[in-house]
Amino acid sequence: MRKARKARKVCDQLVDILKGSLKFELKSAGANWDAIRQCICSACFHQAARVKSLGEYNDLRTGMPCHLHPTSALYGMGYTPDYIVYHELVFTPKEYMQCVTAVDPKWLAEMGPMFFSLREAGASRKKHADLHQAKMESEFQLAQEEEAARAAAERLRAQSRSASRSQIVMPGGANSTPRFKTPRRRTNL
């Protein structure tokens with residue numbers, strides 16, 4: 001309850017500053033949580049981490065292994081986001097991240113280009129696996145189509161050969177079998 005009161009005080013102070021001295025018009029984000037997450041990412045992009053295993057992350061700048069704090073909302077969610085930003089680390093026998101928010105890796109590259117860049121080839125394990133699966137399926141389908149075309153061409157050739165063999169040949173006609181002279185035998189007497 002104490003933290004909620006503190007958060008409310010900070011919010012009231014920000015509203016006073018924006019309306020009073022800066023004369024900003026306030027608009028609510030409504031249900032657009034991505035706008036809020038992008039705002040948090042712009043403030044904490046230098047404290048980003050990537051998933052290593054369930055509940056375990058590696059800090060993107062230092063490579064230090066970190067864990068989600070058990071009080072974090074993402075801890076027991078059942079879904080582990082690929083990239084997160086955090087506000088603070090608690091050093092115990094394990095390093096725990098507090099105030100954690102899931103972010104999109106594109107946001108990290110936009111907000112902190114001096115620290116991060118995107119590689120399209122390895123953007124996501126699932127995306128890479130899906131692309132590989134689709135490529136293999138298209139190659140398999142192409143091979144099947146080529147095999148079917150080869151088989152159809154072979155059937156046509158076989159039919160044309162069998163059709164030409166079944167013609168009746170008349171002796172002495174134009175299509176008769178050619179006659180070859182039998183070579184003369186040589187006798188050595």
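In the predicted model described here, R50 stands opposite N58, a residue of strand β2. This pairing belongs to the contact between strand β1 (residues 48-53) and β2 (residues 56-59), which run antiparallel and are joined by 4 bridges. A further pair in this contact is formed by S53, whose bridge partner in β2 is E56. The two strands, β1 and β2, make up a hairpin with 2 residues between them, and in the turn G55 has a positive phi of about 80°.

On the other strand contact of β2, pairing with strand β3 (residues 65-68) is also antiparallel and extends over 3 bridges. N58, which faces R50, stands opposite P65 in β3 as well. Here, too, a hairpin is formed, with 5 residues between β2 and β3, and G63 in the turn shows a positive phi of about 80°.

Strand β1 is, in addition, paired with strand β4 (residues 83-85), again in the antiparallel sense and over 3 bridges. Within this contact, the residue of β4 that serves as the bridge partner of A48 is V85.

Apart from the strands, a patch of positive charge was found on the surface, where R2, K3, R5, K6 and K9 gather. Of these residues, K9 is located in helix α1, which spans residues 2-19. Because its relative accessibility is 60%, and exposed means over 50%, K9 counts as exposed.

Note on methods:
Residues numbered from 1 in each chain as written. Predicted model: local features only at pLDDT ≥ 70, side-chain atom pairs only at ≥ 80, totals over all residues. Heavy atoms only, no water. Patch = residues over 30% accessible without salt bridge, like charges linked within 9 Å, V, L, I, M, F, W, Y side chains within 5 Å. Areas by Shrake-Rupley, 256 points an atom, 1.4 Å probe, with all protein chains shown as cover. Salt bridge = Lys/Arg side-chain N within 4 Å of Asp/Glu carboxyl O. Lys, Arg positive; Asp, Glu negative; His and termini not counted. Charge placed at Lys NZ, Arg CZ, Asp CG, Glu CD. Buried < 20%, exposed > 50% of the residue type's maximum accessible area, 1.4 Å probe, protein only. Pairing = 2+ DSSP bridges.
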